[in-house]
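Q: Please take a close look at one part of this structure, a small sheet and the strand in its middle. I would also like to see how that part sits within the chain as a whole.

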Amino acid sequence: MSTHIPFVDLKAQYQGIREEIDAAVSAVISETAFIGGKYVKQFEDGFAAAYGVSHVVSCANGTDSLYIIMKALGIGPGDEVITVANSWISSSETISQTGARPAFVDIDPLYWSMDENLLEAAITPATKAVIAVHLQGQMANIERIAEICAAKGIHLIEDCAQSHFSTFKGKKAGLFGIAGSFSFYPGKNLGAYGDAGAIITNDAALAERCRMFANHGALVKHQHKIEGINSRLDGIQAAVLSVKLKYIAKWTAQRQTAATWYNEALAGIEGIVLPVVRPDTEHTFHLYVIRAQRREALMEHLRNEGIDTAIHYPTPLPLMEAYQYLGYSAGDFPVSAGMMHEILSLPMYPELSREAVERVAAAIRSFYAN
Ligand SMILES: *Cc1c(COP(=O)(O)O)cnc(C)c1O
């Protein structure tokens with residue numbers, strides 16, 4: 001019986017940095033620096049330096065970060081915000097939370113990102129912003145999307161929850177629009193040991209409004225200029241993230257290497273389509289997604305071989321029950337709706353071994369040989 005190959009392996013990562021993590025966490029506890037304070041500031045400064053951005057505003061998670069950006073931009077009832085049909089629900093539910101109405105653009109059939117050729121037609125006089133999502137670690141055609149937004153005078157927000165340090169023509173995800181939104185959920189490429197998130201921007205005034213809104217509408221204690229929310233990064237998460245930030249470049253390179261192993265080992269299998277990296281971009285492989293015929297049976301076959309897989313995502317956002325009221329049908333999003341039955345995320349994490357990748361590939365090959 002061969003060993004189990006998990007979808008992600010956070011234990012393996014912890015084993016590699018255990019002493020540093022344990023020391024960092026225990027420092028926070030012994031100093032009782034639980035909320036805000038030194039460790040949060042340290043991480044914000046460290047992430048700003050590593051990312052090459054002027055302002056990092058940390059918050060509780062990568063859903064709040066989207067909501068905070070939109071609130072700070074004054075988006076609300078009567079407005080419309082466009083995002084992509086294939087994403088996690090944070091990309092759209094936060095639009096509704098502001099009182100605005102979500103609208104969706106289909107993905108393109110090759111890179112599986114927001115189809116920039118469909119964006120212009122989706123923009124209406126009510127459109128205030130576009131939330132582009134760099135899903136899987138793959139950049140959307142953000143240069144073109146930014147051009148369209150600029151021409152129409154609408155804000156561009158980037159959801160970078162799956163694309164820490166991904167680049168397009170050398171420029172990092174999150175630096176193309178007015179602000180970038182990050183999640184540090186444990187399984188993300190840069191992950192805390194609980195919920196955590198951040199906003200990045202080069203706009204000082206926007207950064208200040210985000211910081212104020214995330215902190216009950218106050219920049220100075222008890223001076224509430226507006227009503228806000230409580231969305232804070234805690235000291236323990238910040239300390240964990242500061243340790244992990246030192247390794248992110250190495251871990252990203254390991255993911256990219258694992259992706260090349262998959263590409264080699266899966267080449268030529270009839271029945272699957274491999275991911276294509278957009279030219280002039282760096283894909284950071286948060287996920288390694290293939291398209292697979294007879295996907296459910298393949299998943300079952302892999303499960304029997306001790307290999308975990310996942311689907312990101314089984315239902316396009318506009319076709320979810322939550323958005324029934326918008327009246328969309330599958331025909332409105334033919335690419336997303338067509339692919340939802342085929343996409344399959346294979347095990348992917350920095351510590352994934354070549355041997356494990358080859359086992360996954362062999363299992364897939366044997367499935368299609370029968
Ligand atoms: C994970 C994720 C989020 C939300 O992040 P949380 O920290 O879990 O709130 C938002 N958008 C995308 C695309 C994600 O993958």
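A: The following account begins with the whole chain, turns to the sheet, and ends with several further sites.

This is a predicted model, in which local features need pLDDT of at least 70 and side-chain atom pairs count only at pLDDT 80 or more, while totals for chains, interfaces and linings use all residues. Residues are numbered from 1 along each chain as its sequence is written, and side-chain values use heavy atoms, with hydrogens and water left out.

The chain contains twelve helices and 15 strands; these are DSSP runs numbered from the N terminus, helices being H or I of at least four residues and strands being E of at least two. The chain is as compact as a globular protein of its length, because its radius of gyration of 21 Å is close to the 21 Å that the globule rule gives for 370 residues. That radius is taken over C-alpha atoms, and the rule is 2.2 Å times the number of residues to the power 0.38. Along its principal axes, the C-alpha trace spans about 70 × 55 × 35 Å.

Of the 370 residues, 55% are buried, where buried means under 20% relative accessible area, exposed over 50%, and partly exposed in between, with a 1.4 Å probe and protein chains only. A contact means heavy atoms within 4.5 Å. Among the contacts with a separation of 6 or more, 71% involve residues 24 or more positions apart.

The sheet in question is open, has three strands in the order β12-β14-β15, and is paired in the antiparallel sense. Strands β12 and β15 stand at its edges with a single partner strand each, so one side of each is left without a neighbour in the sheet. Two strands are said to pair if DSSP finds at least two bridges between them. Strand β12 (residues 272–273) is joined to β14 over two bridges, running antiparallel. On the other side, four bridges connect β14 with β15 (residues 343–346), and this pair is also antiparallel.

Individual residues mark out these pairings. Val273 is placed opposite Arg291 of β14, and Ile272 has Ala292 as its bridge partner in that strand. Towards β15, Val289 stands opposite Ser345. The central strand, β14 (residues 288–292), is mostly covered, as four of its five residues are buried.

Ala292 merits separate attention. This residue belongs to strand β14 and counts as buried, its relative accessibility being 1%. Apart from residues up to four places away in sequence, Ala292 touches Gly271, Ile272, Leu298, His341, Glu342 and Tyr368. The C-alpha atom of Ala292 is separated by 9.3 Å from that of Glu270, a residue 22 positions away along the chain.

Further along the chain is helix α10 (295–304), which contains His301. His301 is buried, with a relative accessible area of 19%. Leaving aside residues up to four places away in sequence, His301 touches Ala363, Ser366 and Phe367.

The loop between α10 and α11 (334–339) holds Tyr313. The peptide bond leading from His312 to Tyr313 is cis, with omega near 10°. Most residues other than glycine have a negative phi, and most peptide bonds are trans.

Two residues that are not glycine have a positive phi. Gln136 has a phi of about 70° although it is not a glycine, and Lys169 has one of about 50°, likewise without being a glycine. Gln136 lies in the loop between β4 (127–133) and α6 (142–152), whereas Lys169 is found in the loop between β6 (167–168) and β7 (171–172). Gln136 counts as buried at 4% relative accessibility, while Lys169 counts as partly exposed at 48%.

Elsewhere, helix α3 (residues 64–72) is largely enclosed by the rest of the structure, because eight of its nine residues are buried. The buried residues of α3 include Asp64, Tyr67, Met70 and Ala72. Just after this helix, Gly74 takes a positive phi of about 80°.
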